[in-house]
Every structure is written in C-alpha cells, then in structure tokens.
Amino acid sequence: MAHRHQGAEIRGNRNNNRGRHPRRAELHTQPVLEAMRSIHLIVIHCSATRVTQDFSVKDLKACHLARGFKTIGYHYYITKDGKVHRCRPEEMEGAHARRYNAHSIGICYEGGLDANGKADDTRTPAQKRTLVALLRSLKADYPDAQILGHRDLPWVKKKCPSFDARSEYQDLQPLVLEQ
C-alpha cells in the first residue's frame with residue numbers, strides 16, 4: 001500500500017489515521033496493534049554506505065537480520081530515488097538509538113558516505129524532498145517530538161547522519177491537511 005504526502009510516496013501501512021489505528025476494513029484481517037507509544041524524538045540516520053553503492057531496503061533488512069534484529073530497526077528507510085519504505089510500525093519500539101528507542105521514531109536514508117568512505121551529506125534532491133514531507137507528516141502526529149540526527153544523542157560518537165539535522169529541521173512546520 002502506498003500513500004502520498006506532499007509529493008512523497010510512503011510505502012507501508014501508515015494510513016490516514018496517522019498510523020495509530022487500523023482502518024475499519026483492516027480490523028478483522030490485521031493483528032491487534034500495540035498501544036501507541038509516547039514519541040519525544042524523531043531520529044535521523046544514514047545507512048553509512050558510499051554514494052557509489054546501492055543499498056536497497058532488502059540489503060538493509062539482510063544487514064539488520066545478520067546483526068540479530070527481528071527486522072529492520074528503523075521505522076522508515078528512504079532510498080536514493082526518494083521512495084520511503086515503511087520498515088517497522090510506529091507502534092513498535094525501534095532498534096536504532098540505544099537508550100532512546102522506547103520514545104522515538106527512526107528514519108534512515110540510503111547513503112551518508114562519499115566515494116572514499118568519508119562522512120558526507122549524500123542525500124539526493126528526491127531524498128531531501130521526501131524526508132521533509134515525511135518529517136512534516138510525523139510532526140503533525142507528534143507535534144512535541146524533537147527532530148535530531150543520530151550524532152546529536154549524548155553518547156553517540158558517529159557522524160551519522162552526515163549532516164546537521166537538528167538545525168536543518170528546527171523550524172519545520174507540520175503538514176496541515178485541508179478541512
């Protein structure tokens with residue numbers, strides 16, 4: 001299933017009820033969802049792959065399974081073409097930011113390293129547009145959540161997501177749907 005938010009295609013089960021409840025038609029076919037968590041942070045990551053390397057959602061899943069995760073640790077993954085893939089329900093605790101998973105949503109974009117393997121903002125224009133649209137949509141659901149990069153968490157020594165997400169999105173306004 002795909003949804004569009006301001007030109008960004010969101011693949012997965014996020015519905016018009018903002019991911020909190022299944023649609024009526026899904027009540028009998030979907031398992032009961034966990035109670036919605038209290039979200040304080042939206043944490044942006046990069047896949048730490050070179051700009052010259054493709055790293056699909058299938059590759060990401062294989063990587064996370066190899067690390068012992070049950071599935072992909074992020075809630076959303078944005079590939080170079082600007083498509084956003086729903087990887088984990090928002091109701092489910094992430095596996096992307098130790099000590100902060102219980103109250104955060106994790107977003108990862110494909111890339112983050114230059115051709116030589118050094119940290120670099122490799123987001124394509126499509127990824128930038130999609131990330132803004134997704135963040136605006138999430139801010140509509142979680143208006144008090146702070147947007148920051150993985151590197152902004154106190155214990156993180158990485159440069160992830162290879163750009164200053166905190167300052168870039170500090171004034172981001174939530175998506176407002178017409179009545």
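Which residues point one way from β7, and which point the other way? In this predicted model, S104, G106 and C108 point one way from β7, while I105, I107 and Y109 point the other way, and all are buried. This arrangement can be read alongside a general pattern: in a regular strand the side chains alternate between the two faces of the sheet. Because six of the six residues of β7 are buried, this strand is largely enclosed by the rest of the structure.

The neighbours of β7 help to place the strand. With β3, which covers residues 41-46, β7 pairs in the parallel sense over six bridges, and within this pairing H45 has C108 of β7 as its bridge partner. Strand β5, made of residues 76-78, also runs parallel to β7 and is joined to it by three bridges; here I78 has Y109 as its bridge partner in β7.

Y109 leads onward to the aromatic rings, for the structure holds two aromatic pairs. In one of them, the ring centres of Y109 and F163 are 6.1 Å apart and the ring planes stand at 55°, so this pair is described as tilted. Since Y109 lies in strand β7 (residues 104-109) and F163 in the loop between β9 (146-149) and α3 (165-168), the pair ties together parts that are 54 residues apart in sequence. In the other pair, the rings of F163 and Y169 have centres 6.2 Å apart and planes at 85°, which means that the pair is edge-to-face, because planes over 60 degrees apart fall into that class. Ring pairs thus link Y109, F163 and Y169 into a cluster.

How exposed or buried are these rings' residues? Y109 is buried, with a relative accessible area of 2%, F163 counts as buried at 6% relative accessibility, and Y169 counts as buried at 5%. F163 has a further partner, for the charged end of R123 sits over its ring, 3.5 Å from the ring centre.

We can now turn to empty space, which is revealed by a general method: rolling a probe the size of a water molecule over the atoms shows where such space is left. The largest pocket holds about 460 Å³ of space and is lined by 26 residues, of which R67, Y74, H96, H150 and K158 lie nearest its centre. Sorted by class, this lining has 14 nonpolar, seven polar and five charged residues. Strand β3, already met as a partner of β7, and helix α1 (57-66) each supply at least two residues of the lining, and α1 gives the most, with three residues.

Technical notes: Residues numbered from 1 in each chain as written. Predicted model: local features only at pLDDT ≥ 70, side-chain atom pairs only at ≥ 80, totals over all residues. Heavy atoms only, no water. 1 Å grid on protein atoms, 1.4 Å probe; cavity = no way out; pocket = protein on both sides within 12 Å on 5 of 7 lines; lining within 4 Å. Points joined across faces, edges and corners; volume = space filled by probe spheres on them. Helix = DSSP H or I, 4+ residues; strand = E, 2+ residues; numbered from the N terminus. Nonpolar A, V, L, I, M, F, W, Y, C, P; charged D, E, K, R; others polar. Phe/Tyr/Trp six-rings, centres within 6.5 Å; stacked < 30°, edge-to-face > 60°. Buried < 20%, exposed > 50% of the residue type's maximum accessible area, 1.4 Å probe, protein only. Lys NZ or Arg CZ within 6 Å of the ring centre and 35° of its normal. Pairing = 2+ DSSP bridges.
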